[in-house]
Amino acid sequence: MSNPLEPEVHPHKPADDREEIYYAGSPLLRAEMGSIFIWGLAGLVLISLPFVWKAITKLHEMPSALVTLGLIIVGLLVIAWPILRQRTVRYRISNYRIDYERGLLSKSIDTMELWHVEDLEFHQSIFDRIVQTGTITIISKDETNPKLVLRGVPNPRPLFETLKQRVIAVKRQSGVIKMT
């Protein structure tokens, strides 16, 4: 028997629309094969520079060990750069928001709510079509990141189409009306 002076307690009703993850991960390396090739070539040039120098100048000695070691280390870092750059970025795309995380030692995360999105662009080069990746560009009213470029997204066309539909649905849910 309930006391009429005490208010009734109603537990919270679970949300009808749960967050659904469409994509979570880093850009795919296969989307950056051209960049990896160019950076790799530059790194190999740096690594081979002391040996080429010796051959060209017909010296019997290599450049100093410190210079040689420095060029090898810098060359290896140049080779690893595009891979590190790809691996320090993560996307998490859901039916309500897009999280963009970046950083190796320290992390920064920007969140873009889908109701802020003004326009979506899709690009897929011939190479992207071969390796099944692409780029989705999001133009928004977000003050911190008005243009977010998602590169190296796997199977991007279905994700692009889903995002288009979700942006419309989220704007309707939140009562956002576009004024022209």
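**Figure 1. Bridge partners along β6 in the predicted model.** I136 has its bridge partner in β7, namely L150. This view, like the others, comes from a predicted model. β6 and β7 pair in the antiparallel sense, and six bridges link them. On β5, L120 has I138 of β6 as its bridge partner. The pairing of β5 with β6 is antiparallel and extends over six bridges. Seven of the eight residues of β6 are buried, so the strand is largely enclosed by the rest of the structure.

**Figure 2. The β6–β7 hairpin and N145.** β6 and β7 form a hairpin, with six residues between the two strands. N145 sits in the loop that joins β6 to β7. Is N145 buried or exposed? The relative accessible area of N145 is 16%, and buried means under 20%, so N145 counts as buried. Beyond its neighbours within four places in sequence, N145 is in contact with Y100, D110, M112 and S140.

**Figure 3. The open sheet β1-β2-β3-β4.** Four strands make up this open sheet, in the order β1-β2-β3-β4, with antiparallel pairing. β1 (21–25) and β4 (108–113) stand at the edges. Each has a single partner strand, so one side of each is left without a neighbour in the sheet. On average, neighbouring strands are turned by 10 degrees against each other, direction ignored. β3 and β4 pair over six bridges in the antiparallel sense. One bridge partner in β4 is S108, which pairs with R102.

**Figure 4. Helix α4 across the sheet.** α4 lies across three strands, β1, β2 and β3. Relative to β1, α4 runs at about 130 degrees.

**Figure 5. The largest nonpolar core.** This core holds 21 residues. Which residues have the most contacts inside it? They are Y91, I93 and I138. At least two core residues come from each of β2 (89–94), β3 (97–102), β5 (117–123), β6 (133–140), β7 (147–154) and α4 (156–174). α4 gives the most, with five residues. In soluble globular proteins, nonpolar side chains tend to be buried together.

**Figure 6. Close-up of I93.** I93 is among the residues with the most contacts inside the largest nonpolar core. Leaving aside neighbours within four places in sequence, I93 is in contact with E20, I21, Y22 and Y23, among others. The contacts of I93 also include I98 and L150, and L150 is the bridge partner of I136. L159 and L163 complete the list of contacts for I93.

Key
Residues numbered from 1 in each chain as written. Predicted model: local features only at pLDDT ≥ 70, side-chain atom pairs only at ≥ 80, totals over all residues. Heavy atoms only, no water. Core = buried A, V, L, I, M, F, W, Y, C linked by side-chain atoms within 4.5 Å. Buried < 20%, exposed > 50% of the residue type's maximum accessible area, 1.4 Å probe, protein only. Contact = heavy atoms within 4.5 Å. Pairing = 2+ DSSP bridges. Axes fitted to C-alpha atoms, helices over the stretch in contact; angles between N-to-C directions.
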